[in-house]
Amino acid sequence: SLVNCIKRFRLDNTLDVVTAASGPSAEIFKSNNLLNYQLAEIYRDIRIVMEEEKPDFVLMGSSAHSKTDKNLIFEAKYKSIPCVSILDTYGRYVQRVSGRKGIEKFMFMPDKICIMDNIALEEMVKLGFNKEKLVITGQSFFDNLGKLRLKHTLQDSIGTRNELGINQEDYLILFSSQHIGALAKEKPESYQGYTEVTVLRSLYENLRQLKMKNLALLIKVHPDPREYIENTKKAIENPALEHKIIFLKDRKSRQHMLASDLVTGMYSTSLIETTHLNKPAISIQPNLNGTDNLPTNNVNVTIPVYKEEDILPTLEKVIFDKEYKEKLQEIRRRFFTDGKATERIVNLVYEMLNINSN
């Protein structure tokens, strides 16, 4: 959510920008040659950077689990430094700005939160957020999806599939995995009735019933180290000989989405990205016993499945029903991003700093 904004600031050459990150975020910053400080998730690291750099403004991401974000907000508020966070996805809104287990509610609230759309706005206001602190900007991470969708060619898909060992005539399904099982072990109260392993196992068992000989299933294991690829592999222990099953833990998600015929998962942000890339996405959450964390399911942009017995008929409709596929495509077209979220976030920062962006 920050990469496009940082690149824009550096292109404008209006501000001196220093970056700091921990965990998977640090790896993303590194891959974009943007990382200045790699942090441990401890308060001391944040304090050292803040003392050394003496920033006038803090722009940050937003996580329900990372201590780095909350430590950064705490230090910024302590030093009376303006602080804005960017919401990268739906759900767990209160947890992102509160202490452990919801104690000290809204303790880590920044001055402003950049949010995706009216869906997030309505949900957050209902939960008690101050509407004046919420700014609809869109998700900057999605800004280049439209351009990517338009310039992607058949040859690009063939090239990606060749790298994976998948033929062009194969029906390729991407499963976007998440470290849900690990989170449930850390916080048993967060268990929602399924894990990535149980969902992937159910998905493949139902795919086998379709008897598709040219089926390829690509499982993208989450980059978070808490999802172990060997553990996820246990979901498919005896694949059919005619099926191609591939497990990967890399960051080429968008190329793989564009080369796929269908994307599946639970509530990953990848499912929302998929719709912007004009691909169908099924959110599989059987036995869900809590709140659905993917609000696009509520407006049928992504296709929700909450019962085991509904997985097979949903797959049949999405894969084989031409009329249904055309209907889904029309819904997705109305959901495409305008590609201006980065511009809105950058302008908000300039406005709060009383800087003329022109």
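Is glutamate 308 buried, partly exposed or exposed, and what is its relative accessible area? The points below take this residue first, then move to other sites. The model is predicted.

1. **Glutamate 308.** Its relative accessible area is 34%, so glutamate 308 counts as partly exposed. Partly exposed covers the range between under 20%, which is buried, and over 50%, which is exposed. Glutamate 308 sits in the loop that links strand S12 (303–305) to helix H14 (311–320).

2. **The negative patch.** Glutamate 308 belongs to a negative patch on the surface. The other members are Glu205, Glu309 and Asp310. Membership requires over 30% relative accessible area and no salt bridge. Glutamate 308, at 34%, is therefore over the area cut-off.

3. **Leucine 315.** Helix H14 holds leucine 315. This residue has a relative accessible area of 1%, so it is buried. Its contacts, apart from neighbours within four places in sequence, are Leu203, Asn206, Leu207, Leu210, Leu262 and Ile282. For one of these, leucine 207, the C-alpha to C-alpha distance from leucine 315 is 7.8 Å. In sequence, leucine 315 and leucine 207 are 108 residues apart.

4. **The nonpolar patch.** Which residues form the nonpolar surface patch? They are Phe74, Tyr78 and Met107. Together they have about 330 Å² of accessible area. Phenylalanine 74 lies in helix H4, which covers residues 67–78. Its relative accessibility is 37%, so phenylalanine 74 counts as partly exposed.

5. **Threonine 274.** Helix H13 (residues 269–276) contains threonine 274. At 0% relative accessibility, this threonine is buried, because buried means under 20%. Beyond its neighbours within four places in sequence, threonine 274 touches Met257, Val263, Lys279, Pro280 and Ala281.

6. **Asparagine 278.** The loop between H13 and strand S11 (281–284) includes asparagine 278. Its phi is positive, about 65°, although the residue is not a glycine.

7. **Asparagine 287.** Where does asparagine 287 lie? It is in the loop between S11 and S12. Here, too, is a residue other than glycine with a positive phi, near 65°. The relative accessible area of asparagine 287 is 48%, so it counts as partly exposed. The exposed class starts over 50%.

Terms used:
Residues numbered from 1 in each chain as written. Predicted model: local features only at pLDDT ≥ 70, side-chain atom pairs only at ≥ 80, totals over all residues. Heavy atoms only, no water. Patch = residues over 30% accessible without salt bridge, like charges linked within 9 Å, V, L, I, M, F, W, Y side chains within 5 Å. Areas by Shrake-Rupley, 256 points an atom, 1.4 Å probe, with all protein chains shown as cover. Salt bridge = Lys/Arg side-chain N within 4 Å of Asp/Glu carboxyl O. Lys, Arg positive; Asp, Glu negative; His and termini not counted. Charge placed at Lys NZ, Arg CZ, Asp CG, Glu CD. Helix = DSSP H or I, 4+ residues; strand = E, 2+ residues; numbered from the N terminus. Buried < 20%, exposed > 50% of the residue type's maximum accessible area, 1.4 Å probe, protein only. Contact = heavy atoms within 4.5 Å.
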